Amino acid sequence: MDEKYQTLGDNVVPTNYNITMDTNLKTFRFNGIVRIKVRIRKPTRVISLNSVGLKILGADVSAIGAAQSAVVTESAKEERISLNLKKAVSGNAIITVRFSGTNNDKMHGFSRSRYMEGGKEQYLLTSQFEAADARAAFPCFDEPNFKATFDLTMLIDKGLEAVSNMPIKRITPSKGRQLVSFHTTPRMSCYLLYLGVGRYAVLEGKVGKTKIRVMAVPGKKGLERLPMEYAKRSIAFLEKYFGIRYPLPKVDLLAIPDFSAGAMENWGAITFRENALLGDEKHTPVAVKQRIAEVIAHELVHQWFGDLVTMKWWNDIWLNESFATFMANKTLDALFPEWDMKKQYFDDVIATAYSADSLKSTHPISVMVSTPGEIDQIFDNISYEKGGTVLHMLENYAGAEGFRKGLHLYLTRHAYGNATKYDLWDAMDKAARKSGRSISKFASIWVDTPGYPIVEISHGSGGRLLARQRRFLLVNGNYGKKTLWPIPMPYMAAGQGKGSITLNESSIKLPVGNDSWLKLNLGQHYLYRVRYPREQLDALGKLMRSGKIKGADAWGVENDLFVLARCGMIKLPEYLKFIDSYCMNPDYPLSFGVSSHLEWFEGMLYGTPLSEKVEKVSMRYHLGMLGRLGWAKKRGEDSIQTMSRSMAVSSLGRLGHKHTIAKALSLFSTYAKGGNIDPDLKGAVSGIAAWNGNTKTYNKMVALYRKQEMPDDKIRFLQCLALFRDRRLLKRTLRFAFSKDVRLQDSYMLPAIISSNPVGRRIIWPWTKRNWPRLMRIYNSGTHMLERYASNLSGAAAETERQDIRRFFSNRGNRRTDINLRVKQSLERISANINFMRANGLAGRSAKHG
């Protein structure tokens with residue numbers, strides 16, 4: 001909807017919902033009654049609630065012992081109903097609304113999910129209400145600041161189980177069915193309520209007094225133990241870190257077969273995609289184990305940040321998502337030191353923040369939003385990864401203990417209520433008072449200002465180096481309007497050791513001589529890039545090669561150089577020479593950064609005269625990596641080495657290294673026949689089989705996908721269908737994505753992977769344009785999926801294609817509020833791609849992608 005979303009105001013405030021839902025897994029229709037206790041501040045004859053897609057059967061309002069029927073009017077565009085009364089009401093009142101609805105198959109609201117058991121099709125019911133879909137299940141005050149308690153009763157068939165946020169209070173037989181009532185919830189927002197009905201395989205556990213259940217559809221036995229262990233350990237850590245017990249008596253972790261997000265933090269009843277929750281110790285690759293553990297920790301953090309304390313409005317969604325991103329990594333780093341999650345944070349979270357926030361079309365971490373579509377748009381890399389990066393900065397700025405005390409104060413002050421960023425700043429300032437630093441002043445600029453700076457180092461007067469800050473933008477390296485950030489600049493310099501200085505103005509002279517080398521942003525704790533003079537860069541490169549600069553600092557130097565090449569500020573050969581000279585035997589996270597950046601250049605230049613230069617460097621780099629690691633795991637090997645092996649094998653197979661391809665195809669043959677291979681090589685060898693495969697290979701992948709039950713393996717075979725080089729097979733994959741074989745939740749993956757496939761890149765826009773009306777119909781705004789198709793277009797590198805995409809989305813009929821930002825971002829990235837090609841002598845050319 002294009003109209004600005006109007007809030008319901010604050011005259012009528014809910015305090016308790018009493019909801020009865022009559023469910024039916026045969027007709028997928030539900031009937032309900034909701035009784036809402038409210039406080040009405042000023043007399044009114046009109047009460048508005050949120051409602052969408054429901055049939056309203058009747059409503060009345062009781063106040064001061066008298067009830068009166070309401071005339072109900074509906075506004076579909078505003079997603080609300082109004083109860084019109086003859087007499088004004090005020091004070092305490094009870095609103096009663098009778099309604100009915102449908103359990104849709106679109107993964108939002110109160111929906112149905114399909115699975116197979118014993119060769120028969122079965123269903124369960126589940127809910128997904130964030131951000132604004134509780135209104136699709138029952139009429140309510142569907143805004144986060146309207147916290148209330150909930151009393152839920154569900155009428156279900158015998159043989160089924162009902163699940164909600166709280167433990168079951170009682171089960172009462174009712175005409176051959178069962179009436180399941182739950183204990184009253186604490187005060188919480190509507191979007192955190194959970195409704196579930198089905199048959200589940202359940203593993204029970206406990207940490208302290210908190211009961212834990214891992215729940216999945218029948219047939220997933222043995223895959224619940226790993227997530228149970230992760231959940232137990234995460235809850236114990238978070239209780240200790242926050243100094244606050246887990247707030248509810250139980251928590252359920254439910255694997256849902258059809259689920260649009262990765263997971264959802266419903267208080268006490270967390271829902272997950274199956275492949276984001278289920279796995280086992282023996283067969284699950286370490287990268288997937290880490291992903292499962294991270295998602296579980298992320299959602300458990302939300303039980304405090306988001307559920308116990310909730311943002312007042314969606315402009316502060318980062319108070320939920322940034323903290324969950326940051327604290328999940330901190331949790332896993334403490335629980336699994338062998339995973340080295342602290343270092344992985346740089347290449348996973350901070351690198352993503354750099355990329356997302358380099359666009360003119362970015363937004364501040366805290367940004368005003370009005371419509372449900374606008375709200376959906378900000379569940380993005382800024383709210384998650386940039387926010388998580390800024391929290392990493394704040395912890396370093398305030399000190400780890402001061403930061404932790406600030407979080408404890410914030411959570412205890414606002415428990416069971418709502419808060420804003422200003423409440424967080426106040427708590428942080430009080431906790432960090434002894435340090436003498438103003439956390440609020442420092443943090444507010446980074447949270448309220450879009451983008452980030454680049455600091456340019458140059459030779460200054462008086463024989464000292466000069467540092468100058470400007471906003472960095474990807475397109476042309478265009479710096480945009482003048483913005484000043486407070487930039488802490490810890491550094492290491494030749495002959496001086498370590499020091500620190502803060503850049504608050506546009507420029508500052510550094511206490512370092514022009515003839516000295518300098519490494520700024522020591523430790524890479526702060527969000528800014530650095531551009532060094534060439535002689536400085538060579539000096540840093542030599543220190544990286546010798547191991548004197550390593551870890552995050554080496555990663556930062558290379559990452560900054562990559563983006564300068566990526567946006568055309570330096571030529572590609574300069575970047576390749578630096579890698580070839582100084583980065584051929586790096587430690588982590590530089591090792592992963594170099595690999596991913598070489599892969600980006602390979603994809604963008606595929607089929608052009610420059611591709612061979614990139615491929616030669618990449619071949620040497622990855623051969624060296626695999627040579628050091630070998631194909632077989634070594635005793636005592638850490639997880640980074642394990643994942644590095646898979647990355648090296650995958651890259652060499654893509655580059656056409658014959659020995660690697662032969663060995664990979666042999667391993668894939670064993671894997672495809674059900675034999676045992678190193679689980680951490682499954683993805684690499686399957687991808688190589690697809691990239692070097694034909695129609696016979698394709699048909700085998702489809703068959704393996706159809707018969708596979710292990711969630712991780714099933715998704716792997718599906719994704720491989722998008723990795724072939726034959727354009728006909730890729731077009732077949734696009735058709736397959738919307739067949740009955742592929743769940744709606746997974747359909748977006750195949751076009752997304754094809755858009756990254758250098759052969760598929762040429763077909764993705766024509767296909768998207770033809771299918772756009774269909775895509776708009778099948779993906780509801782709340783699924784966050786249509787926006788992914790807009791993001792798929794960002795790999796184009798031709799001006800004609802950019803103009804065609806721009807014209808297409810200038811048509812109002814092709815736009816929707818939940819995708820507008822993604823369209824702008826894709827157009828901007830395409831412009832950056834075009835600039836990169838021009839800077840490297842490829843103006844007017846498009847790569848030959850098959």
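Hi everyone, let's start with the second largest pocket: 24 residues line it, and M116, Q708, E709, K714 and R743 are the ones that lie nearest its centre. Please keep in mind that we are looking at a predicted model.

How much space lies in this second largest pocket? The volume comes to about 640 Å³. As for where the walls come from, four elements each give at least two residues to the lining: the strand β7 (109-117), and the helices α18 (695-707), α19 (711-720) and α21 (744-747). If you have the structure open, you can find M116 within β7, and K714 within α19.

Now, what sort of residues are these? By class, the lining of this pocket holds 12 charged residues, along with 8 nonpolar and 4 polar ones. E709, K714 and R743, which we met among those nearest the centre, are charged residues.

Let's move on to the enclosed spaces. A probe the size of a water molecule, rolled over the atoms, shows where empty space is left. Searching the whole structure turns up 2 cavities of 30 Å³ or more, and the largest of them has a volume of about 40 Å³.

Which residues line that largest cavity? They are S755, R761, I764, W765, N792, L793, G795, A796, E801 and I805. Two helices, α23 (761-778) and α25 (799-810), each supply at least two of them, and α23 gives the most, with 3 residues. Sorted by class, the lining of this cavity has 5 nonpolar, 3 polar and 2 charged residues. The charged ones are R761 and E801.

Thanks for listening!

Notes. Residues numbered from 1 in each chain as written. Predicted model: local features only at pLDDT ≥ 70, side-chain atom pairs only at ≥ 80, totals over all residues. Heavy atoms only, no water. 1 Å grid on protein atoms, 1.4 Å probe; cavity = no way out; pocket = protein on both sides within 12 Å on 5 of 7 lines; lining within 4 Å. Points joined across faces, edges and corners; volume = space filled by probe spheres on them.
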